[in-house]
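Notebook open, model loaded. I want to go through the packing first and then the odd spots in the backbone.

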Amino acid sequence: MEDVCEGKDFSFPQQEESILRFWSSIHAFETQLKRTESMPEYIFYDGPPFATGLPHYGHILAGTIKDVVTRYQSMNGRHVTRRFGWDCHGLPVEFEIDTKLGIRNRDDVLAMGIANYNEECRSIVTRYVKEWEEVITRTGRWIDFKNDYKTMNIKFMESVWWVFAQLWKKDLVYRGFKVMPYSTGCNTPLSNFEAGLNYKDVSDPAIMVSFPVVGDPHNASFVAWTTTPWTLPSNLALCVNADFVYAKVREKSSGATFIVAESRLSQLPIKKSKSELDGTTVPAKDTSVPNAKSKGTTSNKSKGGVDVGSSYELVEKMTGASLVGLKYIPLFDYFEKYSETAFRVVSDNYVTDDSGTGIVHCAPAFGEDDYRVCVSSGIIKVADLFVAVDADGRFTKEVSDFHGRYVKDADKDIVNAVKARFAAKGRLVNNGSIMHSYPFCWRSDTPLLYRAVPSWFVAVEKIKDQLLESNKQTYWVPDYVKEKRFHNWLENARDWAVSRSRFWGTPLPVWISEDGNEKRVIGSINELEKLSGATVTDLHRHNIDHITIPSERGPEFGVLRRVDDVFDCWFESGSMPYAYIHYPFENVELFENNFPGHFVAEGLDQTRGWFYTLMVLSTALFGKPAFRNLICNGLVLAEDGKKMSKRLKNYPSPTEVIGDYGADALRLYLINSPVVRAEPLRFKKDGVYGVVKDVFLPWYNAYRFLVQNAKRLEVEGFASFVPMDSETLQKSSNVLDQWINSATESLVHFVCREMDAYRLYTVVPYLLKFIDNLTNIYVRFNRKRLKGRTGEGDCRISLSMLYHVLLTTCKAMAPFTPFFTEVLYQNLRKIFDGSEESIHYCSFPSAIGKRDERIEQSVTRMMTVIDLARNIRERHSKPLKNHLSMEMIVVHPDSDFLEDITGKLREYVMEELNIKSVVPYPLKYASLRAEPDFSAFGKRLGKAMGAVAKEVKAMSQADILSFEQSGEITFSGHCLKRSDIKVLRDFKRPAGATEKEMDAAGDGDVLVVLDLRADESLFDSGVAREVVNRIQKLRKKAGLEPTDIVEVYYESLEKEKKVLEKIVESQEEYIKDALGSPLLHQSWAPPEAVIFCQEEFQVSFSRGELPSVSFVISIAKPALVFNAGAIVTLYSGDKKHAENLQAYLLSRDHSNLRLEFQGGKGKVKVDCIENQPAVDVELEKHLFPSVADFYLSTKTR
């Protein structure tokens, strides 16, 4: 392994760039696919984004989820084809061209020519493909851009035709009208999903108008409320609720008589003068998806709401059912031709009594419920529906007074017209305004209208039960999205309008005769060519609209021509599982052997988008879902909780974050957040930095510690480090080796289980906790062994264990952090010949070793004990450098744990907490208390819960001990288990002890009692601990590596210098173990010693309980110590020769000279000094390599 730099010098972004070049040089992704091509297929469907914009955090999040899962599956022996896809058709592309060319309406396109228009669209589809590839590749995602699929490719489009043709054959396609959200800015209807993308708070008119009842003896009028005056010219009916009670009331001052729902009488206005009539504001209805043609207000009283008794008198009451069939006089006569069936009252339960007047005016061309009710009530026939608003949102000539006016602009004029025409008749009952949330087109930013449009429909309602059954066969993470949100959407599914009256898209393969009696739905290019005789090279409108098909009935019936419509792009993306592999024209076996696909992942919004269209088409075609497993992510928001906005610049760009902290940090930040559970995430750049600081740097430092100490073996003259095999390591007697080995097995077992269940959000926290334990338990507590302080053999065992753990961790984390794990792996693999070229070619680790749950739990509890004890110290201002006197008592019922904590784990606890001893007591200084866990047995016990809980709380100490031993207890006939009762251990301070002398802390599982009295007899070890700490900090400050060999000297600055000297002498073994060399008194430093770092220190103890100690530490280069007499003897008494030899040896590089002596087994031949005989120089006879070695030799003697 090669040396590695300090963590502060390790640039994550630069290392990632280097790995990208490495992957490119070895064709890593392509090689992985090639190596796994004979393995079982794992089918992953990648939803196609539009390439007309740049990728954002939502794309990176979904892409990371997909990459993690597919990398994991590849490492588990599956062949995972990953092809990127592009949504090329539809409104986003057309809108770009409309904006670019200044196209305002459909006529502008026709004037330009569909061919020219479509080629303009084609030219921009791949505008940002290069940028997408750069960003996605930089995030570490492996996906095939070269072999991508595009929805505009002829093969993809042909499969879409096949899908539609199959639906036609199954009688699941029909043509009809549907009231849909309609964009006048883009001249196209939108899906309900698209309609929900851009809501704005706007002010609209809110008016009440009257409709005189024909033949009413009191000259009464129905009163309806609307926020869309532009729909009034198209009114054909009034709708009531048959079950409501309606009231006929007379306004006392004017005599005007109105009919409204009795519960809505308060909405009627007080009679006002003309000057007061304008300006009333009505509160808005709070609705998440308001209809563009609002029907009512909230139940709050509006301005003008009245006390009915003072302003109106009741004439009579009647049921809604009795009003059905009554005729009324419309406001306008534009549609008088419908008068035989129209302008009468109908009923439906969509009319509510918590809004409006309880009477709804119906314009069937502009409201979904209006259309349904008017058709079912015989007001109109489907074939007779006339839409008096054109594709640009302007009134047609039938509405003569407002012909050519944009409907939203005409609202005010229509209100004024009603006011002017019927001033004497009082048809304008109330005139006001409303602030409410209204849908706008997400592309053109124009208000949406609800408008009836002719469309081709997939009869989704026919297969609703099958859809619900298909949904049951899928597995979702999180499951509530499937069980609630998606289930409810399917349960209320309506027939799907799949056609759009646009230009750039896959044309509907429907050819119709001139008389409309003959229809042909084409399912392939070959079929079209055979029927038409034409050669087809492209399926876009401008290349096939001219193709005709002869009528089967004979020449006299003319030819069939294609309908103008193209597919909604959601139909294309829903066809992706078949179209991206050109099924059924190619890849039949691949598809049929692996359908449904194994995995999809997208955002929560796709429950009404792609997930829905996938489910509808697959169920309609094959009677089963398109996918088996699904991960649904939430929305990534700006830090302030608002939607990320380029205009507001309220978020850092992904390239900026990756450039600062690296893609792995961003990936881990996103995966380890609520957004993977379909919850929103407020993106914080500091959070990405936190991942670097809290995860990657500790992980890197553990790896660096391994490399440094493996290299140290070579520096010290031992054989190069080669890790021991796993079987040997399994036999290690060291408790922390046993623990980390078992913990690693548990990690692999957990990750495999959770990844197989697609629960990424549980995997990452576990992995992060494991890395934390690796660095803060195994490496921290094992430093002596890893540094060789306990012997070479023990050192090699601990280094081998650390090596295998790091290697296993890297493999387990490789799907999540592909760059960092590759960096570490490329160095770790150098030890072995024949290792895989990339970590991503390795198999995922398998849990095959033994797991020791007892030692894992004991170490976990040990860390809890340490944390609790630290908390007690902190609470009493007793830092760890202060040795405490008596014992630390650990209270717990588990005898195995008590045996471990006072046995094989004892030394780690004592050293970490600086205490004298650890004593186990199941109950000393503790009282037991039982508490019921209501969350565990609450529902199970029902009404008996209160009585049982009371008995649990009354349990005696003997009862509790018996319960802990048996694991169950019965109260009132109910058997309670350990999970039902919490046993708490409360501290019971002994008599005569104060809080300052003895205190405790617990976590509900373990109780720690600490004697807080200082012990002066332990003063020496406390000082030694602090001296070592200061030296280590000084080494770091001097920029020394752990493998750098230096001499460390001290000198007391106290008057009583013997005090510190005595302490150093008594703690010599501890200091030598901690530093790797003895701490030398300054008097041992030779005159020629080169001191390169020196600093004064003072160690103070809390509250003056113990005296402070001042001293100076000097760090010097190692100095040779010569045995002058032995060297003179070597030259037979020639002192000059002896001096020359010493001068020569002092001129040599100390490290190289030390290695020569090690290579010569303590002996070096010197034959290079001119005019001097060759001599053999021996260590410890003629010289010592350092003052420390000389000092230790004197101690031995």
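**Cores.** I started with the largest nonpolar core, which has 135 residues. The members that touch the most others are F683, L760, F816, M862 and M888. Which helix gives this core its largest share? I found it to be α25, residues 685–715, with 14 residues. A reminder to self that this is a predicted model, so everything here is read off computed coordinates.

I picked M862 out of that list and looked up its contacts. Skipping residues up to four places away in sequence, M862 touches F781, F897, I901, L905, Y908 and V909. Apart from this core there is another one, of 69 residues. Y45, W161, Y580 and L614 are among its members. I jotted down the general point that in soluble globular proteins nonpolar side chains tend to be buried together.

**A helix pair.** Next I took α27 (residues 735–756) and α28 (residues 760–781). I wrote down the usual two descriptors, since packed helices are described by the angle between their axes and the distance between the axes. Here the axes come within 10 Å and cross at roughly 170 degrees. Parallel or antiparallel? The cut-off for roughly antiparallel is over 145 degrees, so that crossing makes α27 roughly antiparallel to α28.

Then I listed who meets whom. From α27 the contact takes in L736, D737, W739, I740, A743, T744, S746, L747, F750, V751, E754 and M755. From α28 it takes in L760, T762, V763, Y766, L767, F770, N773, L774, I777, Y778 and F781. By class I get 17 nonpolar, four polar and two charged residues. Two names tie back to my earlier notes: L760 was on the list of core members that touch the most others, and F781 is one of the contacts of M862.

**Helix α37.** I went on to α37, residues 957–966, and asked which of its residues are buried. They include I960, F963 and E964. These cover an arc of only 100 degrees around the axis, which puts them on the same side of α37. On the other side, A958 and Q965 are exposed. What covers the buried residues? I found strands among the covering elements, including β30 (926–932), β31 (968–971), β32 (974–977) and β33 (981–987). Just after the helix comes G967, with a positive phi near 90 degrees.

**Helix α7.** For comparison I opened α7, residues 129–138. Its buried residues are V129, W132, V135, I136 and R138. I noted that an arginine is on that list. α7 is followed by G140, and the phi of G140 is positive, near 90 degrees.

**Backbone oddities.** I looked for cis peptide bonds and wrote down two. One joins Y583 and P584, with omega about 5 degrees. P584 is in the loop between α20 (576–579) and α21 (588–593). Another joins F595 and P596, with omega about 0 degrees, and P596 is in the loop between α21 and β24 (597–603).

Then I checked for positive phi outside glycine. H582 has phi near 60 degrees and is found in the loop between α20 and α21, the loop where I had placed P584. Buried or exposed? H582 is buried, because its relative accessible area is 8%, under the 20% cut-off. D171 also has a positive phi, near 60 degrees. Its place is in the loop between α8 (154–169) and β3 (173–183).

**Two single residues.** V315 is in strand β11, residues 312–319. It is partly exposed, at 25% relative accessible area. Leaving aside neighbours within four places, V315 is in contact with H218, K248, V249 and R250. I also took its separation from Q1158, which is 843 residues in sequence and 117 Å in space, C-alpha to C-alpha.

Y651 sits in the loop between β26 (636–637) and α23 (654–661). With a relative accessible area of 23%, Y651 is partly exposed. Its contacts, not counting residues up to four places away in sequence, are Y57, M644, S645 and K646. Y651 and N198 are 453 residues apart in sequence and 20 Å apart in space, C-alpha to C-alpha.

Definitions and conventions:
Residues are numbered from 1 along each chain as its sequence is written. This is a predicted model: local features need pLDDT of at least 70, side-chain atom pairs count only at pLDDT 80 or more; totals for chains, interfaces and linings use all residues. Side-chain values use heavy atoms; hydrogens and water are left out. Buried means under 20% relative accessible area, exposed over 50%, partly exposed in between (1.4 Å probe, protein chains only). Helices (H or I, at least four residues) and strands (E, at least two) are DSSP runs, numbered from the N terminus. The arc is that of the directions from the helix axis to the C-beta atoms. Contact means heavy atoms within 4.5 Å. A nonpolar core is a set of buried Ala, Val, Leu, Ile, Met, Phe, Trp, Tyr and Cys residues joined through side-chain atoms within 4.5 Å. Axes are lines fitted to C-alpha atoms, for helices over the stretch in contact, and angles run from 0 to 180 degrees between N-to-C directions. Angles under 35 degrees count as roughly parallel, over 145 as roughly antiparallel, 65 to 115 as roughly perpendicular and the rest as oblique. Ala, Val, Leu, Ile, Met, Phe, Trp, Tyr, Cys and Pro count as nonpolar, Asp, Glu, Lys and Arg as charged, and the others, Gly among them, as polar.
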